[in-house]
Amino acid sequence: MLLKSTLKFFFKWTFLAVIIGIISGFTSGLFLYSLELVTDYREINQWIIYFLPFGGLFIGYGYYKFGKRVVEGNNLILEEYSNPRKKIPFRMAPMVLLGTLITHLFGGSAGREGTAIQMSTSIADQFTNLFSLDKEDRKIILICGISAGFASVFGTPLAGAIFAIEVLFFSKINFKIVFPTFLVAFIAYYTVEFLPVKHTHYSIPFIPAISFKMVLWTLLVGIPFGFAAMLFSKSTHWWGNMFAKYITFPPLRPIVGGSVIAFAIILMGTTQFIGLGIPTIVDSFQTQQLGYVFLLKILFTGFTLGAGFKGGEVTPLFFVGATLGSFLSFYIPLPTALLAGMGFVAVFQEQLKRRLLAL
């Protein structure tokens, strides 16, 4: 009886993981390809930044008119996992895809993982009714969506699966979800690998031998990384609360926010702090960054997301951590690339922990 039940579980979730993984991989591949196109176009035609308020109007009104439920984004996914009520609307996928592309095209500062996760999970949840899945199986479907989305958009299947499990850790997930979570992550990852999409790779060429001095410095740099994550979190929430408090009509928020961002970019004469910021992240592993770089990225990203533009937080968190670590190499006797890599991971992990504790 146990063998029969195990085999049934294995074949069912292998089948579902293959379907979800392939579809998620293709949608993430489409998203990454489109994101690269709009980013390149913006950098070549920087006059388009003037139209960021109009892009904000399109996003704001679209979500106000058609996406009052899906506007919750990742929080909706977490709520449905913890307290299932309704199937996640399929329209979340095209709306967040279009909203994120518009944000990046016109000059907002945002990430990409939130988009990939929302697309993948909203698509995966459509199988709940199609296969008449119960509440426990639906939880597995949702966590598979998170895993596939993260793994495919960053090209990191192990991290994608662990991220999905970690995100829902406080909900006391069953260990039986480990198999489909890892399987769907690898399928989504390899699906993207077959597409003409390239992931960014970061490298730390030299790591000094472990010593008491190195361990001590490693412990100490965790303090500024923790403060940076806290500042990022508070910035995003503070700007969101300010926009909600003073601009009661939601579609107006990204119009006002977009106008301020566009003016700031034009005034500063640089696009370093908008979009994903990947060139700066890569440069942080090679060149020491100035102290204001990570602070401006926090400001621009918090303001962009607080105003109602779409995208994720993870890549901006990588930017903040890497540039802060790179800056600290002026004062800490550790290699620049190593400190950038430590900040890259630490700020993201601390922000994730803060999000989980807030649930």
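This note goes through helix packing, the nonpolar core and a few single residues in a predicted model.

1. The packing of helix H5 against helix H7 is a good place to begin. Helix H5, which covers residues 113-124, packs with H7 at an angle of about 140°, and their axes are 7 Å apart; that angle makes H5 oblique to H7. The crossing in which H5 passes H7 is right-handed. On the H5 side the contact is made by Glu113, Ala116, Ile117, Ser120, Thr121 and Ala124, while H7 brings Ile141, Leu142, Gly145, Ile146, Ala148, Gly149, Phe150, Val153 and Phe154. By class, the residues of this contact of H5 with H7 divide into 10 nonpolar, four polar and one charged.

2. Ala124 deserves a separate look within that contact, since the residue is found in helix H5 and is listed among those that meet H7. Its relative accessibility is 0%, and therefore Ala124 counts as buried, the cut-off being under 20%. Apart from residues up to four places away in sequence, Ala124 touches Ile20, Ile141 and Gly145. The C-alpha atoms of Ala124 and Gly145 are 5.7 Å apart in space, although the two residues are 21 residues apart in sequence.

3. Gln118 also lies in helix H5, and the reader may wish to check its surroundings in the model. With a relative accessibility of 8%, Gln118 counts as buried. When its neighbours within four places in sequence are left aside, Gln118 is in contact with Gly73, Asn74, Ile77, Met92 and Val96. One of these, Ile77, appears again in the next point, as a residue of H3 that takes part in the contact with H7.

4. Helix H3, residues 74-82, packs with H7 as well, at an angle of about 155° and with the axes 9 Å apart, which makes H3 roughly antiparallel to H7. The crossing of H3 and H7 is left-handed, whereas H5 passes H7 in a right-handed crossing. Ile77, Glu80 and Tyr81 of H3 make the contact together with Arg138, Lys139, Leu142 and Ile146 of H7. The residues of this contact of H3 with H7 divide into four nonpolar, no polar and three charged. Leu142 and Ile146 of H7 are listed in this contact, and they are listed in the contact with H5 too.

5. Which residues have the most contacts inside the largest nonpolar core? That core has 98 residues, and the ones with the most contacts inside it are Ile141, Phe163 and Phe348. H7 gives the most to this core, with 10 residues. Phe163, leaving aside its neighbours within four places in sequence, is in contact with Ile117, Ile146, Phe150, Phe348 and Leu352. Of these partners, Ile117 belongs to the H5 side of the contact between H5 and H7, and Ile146 and Phe150 belong to the H7 side.

6. Another helix pair to examine is H2, residues 52-66, with H11, residues 252-268, whose axes come within 7 Å and cross at roughly 155°. That makes H2 roughly antiparallel to H11, and H2 passes H11 in a right-handed crossing. In this contact Leu52, Pro53, Gly56, Leu57 and Gly60 of H2 meet Pro254, Ile255, Gly258, Ser259, Ile261 and Ala262 of H11. By class, the contact of H2 with H11 has seven nonpolar, four polar and no charged residues.

7. Two loop residues remain, and the first to consider is Val197, which has its place in the loop between helix H9 (178-193) and helix H10 (212-246). Is Val197 buried or exposed? At 13% relative accessibility, Val197 counts as buried. Not counting residues up to four places away in sequence, Val197 touches Gly29, Leu32, Tyr33 and Val192. Val197 and Val260 are 63 residues apart in sequence, and their C-alpha atoms are 33 Å apart in space.

8. Ser132 lies in the loop between helix H6 (127-130) and helix H7 (135-154), and its backbone merits a check by eye. Although Ser132 is not a glycine, it has a positive phi of about 50°. Most residues other than glycine have a negative phi. Ser132 is exposed, with a relative accessible area of 65%, whereas Val197, the other loop residue discussed here, counts as buried.

Methods:
Residues are numbered from 1 along each chain as its sequence is written. This is a predicted model: local features need pLDDT of at least 70, side-chain atom pairs count only at pLDDT 80 or more; totals for chains, interfaces and linings use all residues. Side-chain values use heavy atoms; hydrogens and water are left out. Helices (H or I, at least four residues) and strands (E, at least two) are DSSP runs, numbered from the N terminus. Buried means under 20% relative accessible area, exposed over 50%, partly exposed in between (1.4 Å probe, protein chains only). Axes are lines fitted to C-alpha atoms, for helices over the stretch in contact, and angles run from 0 to 180 degrees between N-to-C directions. Angles under 35 degrees count as roughly parallel, over 145 as roughly antiparallel, 65 to 115 as roughly perpendicular and the rest as oblique. A crossing is left-handed if the near helix is turned anticlockwise from the far one by less than a right angle, and right-handed if clockwise. Contact means heavy atoms within 4.5 Å. Ala, Val, Leu, Ile, Met, Phe, Trp, Tyr, Cys and Pro count as nonpolar, Asp, Glu, Lys and Arg as charged, and the others, Gly among them, as polar. A nonpolar core is a set of buried Ala, Val, Leu, Ile, Met, Phe, Trp, Tyr and Cys residues joined through side-chain atoms within 4.5 Å.
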